[in-house]
2 protein chains.
Amino acid sequence: MKRKLSSIEMFPIGFVRSTRVELEDDNWDQENVRIELDLEQFSEEALTGLSDFSHVEVLFYMDQVIPEKIEKSARRPRNNPRWPLVGIFSQRGKNRPNQIGLTICKLKRVEGAVLYLEGLDAVNGTPVLDIKPWMEEYAPRGEVFQPSWVSEMMKSYWKK
Amino acid sequence: MKRKLSSIEMFPIGFVRSTRVELEDDNWDQENVRIELDLEQFSEEALTGLSDFSHVEVLFYMDQVIPEKIEKSARRPRNNPRWPLVGIFSQRGKNRPNQIGLTICKLKRVEGAVLYLEGLDAVNGTPVLDIKPWMEEYAPRGEVFQPSWVSEMMKSYWKK
């Protein structure tokens, strides 16, 4: 069975408001960050019960990516020569097909149609595609492992 | 600052092949499932190094959702009267804006441009939007909690 590769249309459900306005690699926990739902499409009812969860998964559209830089094959993470050449789907770099960012954030509080978060690695103005509550049943099951370049790369990622 | 709500265009990077062809709520671990990357856009290099990771995050487009059923406000999960009315962004139901599904799966093996997975809750033919390696540094940080209806709803979700 061959499926037609038709394009898919999405809309922002809201936007990121962050004290970080320029793309940088590290120290994301330094920032104050919130998501404002788009009030033309949603009311605060779309967030009913969300504060019963400690964390949310935020899916966002990395709209500052330069289309010509999108990698479809393999590259070294952060172009660091000390790290191995890995496929674009074997890393989380931003220059990727469909430009979707995905991060689990601590939910500090919900006020009306605004979510206050900790640990969202998206710059101010980033369009948000979806918000899902983190459920422990969706956590990785079985043994978890990863290559050593990841821990090295992530050393200062969240650091304040 | 008011951002224009312009639409976002995405393309499938591949498709799900699963022994499950009809949407059902539970028992997802019963199925044999793989993702075939679209070979017109990608080669197996896009997966270089992926098998050094135990798990991947799969983002997919739930194309069988009926547009008229998309919830923008609140509903009871699975329309179960015993569970509370929660916002669409406070649950992971499929009838949601942008129809994005997201699941962390065990990576069994990679063969060429095909990923063999365990625990993907997407039916045969589902377009895939992105694949990201699971990194422990992206796990929820701090105390994790969730409301009790979640564990009840998820009781047979993965069950074989």
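Me: In E1(B), which residue is the bridge partner of A:Met10?
Reply: In this predicted model, strand E1 (residues 8-10) of chain A and E1(B) run antiparallel. Three bridges join the two strands. Within E1(B), the residue paired with A:Met10 is B:Ile8.

Me: What relation between chain A and chain B does the superposition show?
Reply: Chain B is superposed on chain A by a rotation of 180 degrees, with 0.0 Å of shift along the axis. The RMSD of this superposition is 0.0 Å. The relation is therefore that of a two-fold axis.

Me: In chain B, which residue has the C-alpha nearest the axis?
Reply: The axis in question is that of the rotation of 180 degrees which superposes chain B on chain A. In chain B, the C-alpha nearest this axis lies 2.5 Å from it and belongs to B:Glu9.

Me: Which element gives the largest share of the side of chain B that touches chain A?
Reply: The contact takes 73 residues from chain B and 72 residues from chain A. On the side of chain B, the elements that give two or more residues are strand E1 (8-10), strand E4 (55-61), strand E6 (86-87), strand E7 (100-111) and strand E9 (127-133). The largest share is six residues, and these come from E9(B).

Me: How many residues on the side of chain B that touches chain A are nonpolar?
Reply: The residues on this side of chain B fall into three classes. Of these, 16 are charged and 17 are polar. The nonpolar residues number 40.

Me: In what order do the strands of the closed barrel in chain B run?
Reply: E2(B) pairs with strand E3 (residues 33-37) over five bridges, and E7(B) pairs with strand E8 (residues 114-118) over five bridges. E4(B) pairs with E7(B) over seven bridges and with E9(B) over five, while E2(B) and E9(B) share two bridges. The pairing in this closed barrel of six strands is antiparallel, and the order is E2-E3-E8-E7-E4-E9.

Me: Which residue stands opposite B:Phe15 in E9(B)?
Reply: E2(B) and E9(B) pair in the antiparallel sense over two bridges. On its pairing with E3(B), E2(B) has B:Gly14 partnered with B:Leu37. In E9(B), the residue opposite B:Phe15 is B:Pro127.

Me: Why is strand E2 of chain B largely enclosed by the rest of the structure?
Reply: Strand E2 covers residues 14-18 of chain B. The strand is largely enclosed because the buried residues among its five number four.

Me: Which residue in the turn between E7(B) and E8(B) has a positive phi?
Reply: E7(B) and E8(B) pair in the antiparallel sense, with B:Arg109 opposite B:Tyr116. The two strands form a hairpin with two residues between them. The residue in the turn with a positive phi, about 60 degrees, is B:Gly112.

Me: Is A:Leu115 buried or exposed?
Reply: A:Leu115 lies in strand E8 (residues 114-118) of chain A. Beyond four places in sequence, the residue touches A:Arg34, A:Ile35, A:Leu107 and A:Val110. A residue with 20 or more other C-beta atoms within 10 Å of its own is classed as buried. A:Leu115 has 26 C-beta neighbours inside 10 Å, so this residue is buried.

Technical notes:
Residues numbered from 1 in each chain as written. Chains lettered and ligands numbered in written order. Predicted model: local features only at pLDDT ≥ 70, side-chain atom pairs only at ≥ 80, totals over all residues. Least-squares fit on C-alpha atoms with pLDDT ≥ 70 in both. Contact = placed C-beta atoms within 7 Å. Nonpolar A, V, L, I, M, F, W, Y, C, P; charged D, E, K, R; others polar. Pairing = 2+ DSSP bridges. Buried ≥ 20, exposed ≤ 12 C-beta atoms within 10 Å, placed from the backbone.
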